[in-house]
Amino acid sequence: MLQLNVAKLKRAPGNEAFFKFSSNLPPQELAGEGIRFPDPVEARLNVVNTGDLLVVQGKISGRLLLSCNRCLEHFSWDFEVPFEESYAPATGGGNEYLTFSGDMMDITPEVLKSIMLALPMKLLCRDDCKGICPECGRNLNEHTCNCSTVELDPRLSVLKDFFKE
Ligand SMILES: [Zn+2]
Ligand SMILES: [Zn+2]
């Protein structure tokens, strides 16, 4: 849980504090697959009381264990994502802002959201991951195989036809 103690901060407008701490975050689900944080996630955050709001700004860094879209192997992804959210004291009425009550402000859901938003569209263990052979199922990054399923680049097959004539 990433929680900020805002007991002092919330007392007066203009109050400001810097937080640096780390915490374990729960495993998440991404497109039906479990992903997890092998290490504690670090937060470096500045919080300002603007009068109406507590504005949190800073960076979240850590590491996620993901599985490669091509070869299905696990790999770790180091991240450092910006974080910026504003929280209003819960008043009971409708509020367009995120709210907090008490002295401990839990920012875990928003932190998780910003990490998930920063994930690359395609999760690859490396840019040139060769994937797995559709015939024998070997991981082609680690093995070569003798299967004859060499996929011809369509542009090359055009050339092949060209040379036939
Ligand atoms: Zn891969
Ligand atoms: Zn093969």
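These are my notebook entries on two zinc sites, the salt bridges and a few single residues in a predicted model.

**Entry 1. Confidence**

I checked the confidence before anything else. The protein averages a pLDDT of 89. I noted that 87% of the residues score at least 70. Which elements sit at the two ends of the range? Strand S5 (residues 41-49) has the highest mean pLDDT, at 98. H2 has the lowest, at 57. Where pLDDT is low, the predicted coordinates should not be read in detail. I therefore leave the details of H2 alone, given its mean of 57.

**Entry 2. Zinc ion, ligand 1**

I looked up the protein donors of the zinc ion (ligand 1). They are the SG atoms of Cys 68, Cys 71, Cys 125 and Cys 129. These donors lie 2.3 Å from the zinc ion. Along the chain they follow the spacing C-x2-C-x53-C-x3-C.

What is the arrangement of the four donor atoms around ligand 1? It is tetrahedral, because the donor atoms subtend angles of 106 to 114°. For reference, ideal angles for four tetrahedral donors are 109.5 degrees.

Next I checked how accessible two of these cysteines are. Cys 129 is buried, with a relative accessible area of 5%. Cys 125 is partly exposed, at 27%. The cut-off for buried is under 20%, so Cys 125 misses it.

**Entry 3. Zinc ion, ligand 2**

I repeated the search for the zinc ion (ligand 2). Its protein donors are Cys 133, Cys 136, Cys 145 and Cys 147, each through SG. They lie 2.3 Å from the ion. The spacing here reads C-x2-C-x8-C-x1-C. The angles among the four donor atoms run from 106 to 113°, and the site is tetrahedral.

Are Cys 136 and Cys 145 buried, partly exposed or exposed? Cys 136 is partly exposed, with a relative accessible area of 37%. Cys 145 is also partly exposed, with 24%.

**Entry 4. Salt bridges**

How many salt bridges does the structure hold? I find five.

I took the pair of Asp 103 and Lys 10 to begin with. Their side chains meet with N to O at 2.9 Å. Asp 103 lies in the loop between strand S8 (98-100) and strand S9 (104-106). Lys 10 lies in the loop between strand S1 (3-5) and strand S2 (16-23). The pair therefore ties together parts that are 93 residues apart in sequence. Both partners are partly exposed: Asp 103 has 38% relative accessibility, and Lys 10 has 35%.

I then turned to Arg 44 and Glu 42. Their side chains form a salt bridge of 3.3 Å, N to O. Arg 44 is partly exposed at 26%. Glu 42 is partly exposed at 27%. Salt bridges with shared partners join Glu 42, Arg 44 and Glu 80 into one network.

I also logged Asp 128 with Arg 126. The closest N and O atoms of this salt bridge are 3.1 Å apart. Arg 126 counts as partly exposed, with 35% relative accessibility.

**Entry 5. Ser 67**

I looked at Ser 67, which belongs to strand S6 (residues 54-67). Is Ser 67 buried or exposed? It is buried, at 10% relative accessibility. Its side chain makes a polar contact of 3.0 Å with the side chain of Glu 33. Beyond residues up to four places away in sequence, Ser 67 touches Glu 33, Leu 72, Glu 73, His 74, Phe 75 and Leu 123.

**Entry 6. Gln 28**

Glu 33 turned up again when I checked Gln 28. Gln 28 lies in strand S3 (residues 28-30). A polar atom of its side chain lies 3.0 Å from the backbone oxygen of Pro 26. Leaving out residues up to four places away in sequence, the residues touching Gln 28 are Glu 33, Gly 34, Ile 35, Phe 37, Leu 112 and Met 116. Glu 33 thus appears among the contacts of Ser 67 and among those of Gln 28.

**Entry 7. Lys 122**

My last look-up was Lys 122. It sits in the loop between helix H1 (108-118) and helix H2 (154-164). Lys 122 is exposed, with 52% relative accessibility. How far is its C-alpha atom from that of Arg 70? The separation is 9.2 Å, for residues 52 places apart along the chain.

Technical notes: Residues are numbered from 1 along each chain as its sequence is written. Chains are lettered from A and ligands numbered from 1 in the order in which they are written. This is a predicted model: local features need pLDDT of at least 70, side-chain atom pairs count only at pLDDT 80 or more; totals for chains, interfaces and linings use all residues. Side-chain values use heavy atoms; hydrogens and water are left out. Donors are N, O and S atoms within 2.8 Å of the metal (3.2 Å for Na, K and Ca); water is not among the atoms, so sites may look incomplete. Four donors count as tetrahedral if all angles lie between 85 and 135 degrees; four count as square planar and six as octahedral if opposite donors are over 155 degrees apart and all others between 65 and 115; anything else is irregular. Buried means under 20% relative accessible area, exposed over 50%, partly exposed in between (1.4 Å probe, protein chains only). A salt bridge is a side-chain nitrogen of Lys or Arg within 4 Å of a carboxyl oxygen of Asp or Glu. Helices (H or I, at least four residues) and strands (E, at least two) are DSSP runs, numbered from the N terminus. A polar contact is a pair of N or O atoms within 3.5 Å; within protein, one must be able to donate a hydrogen and the other to accept it, and residues adjacent in sequence count only if both atoms are side-chain atoms. Contact means heavy atoms within 4.5 Å. pLDDT is the predictor's confidence in each residue, from 0 to 100.
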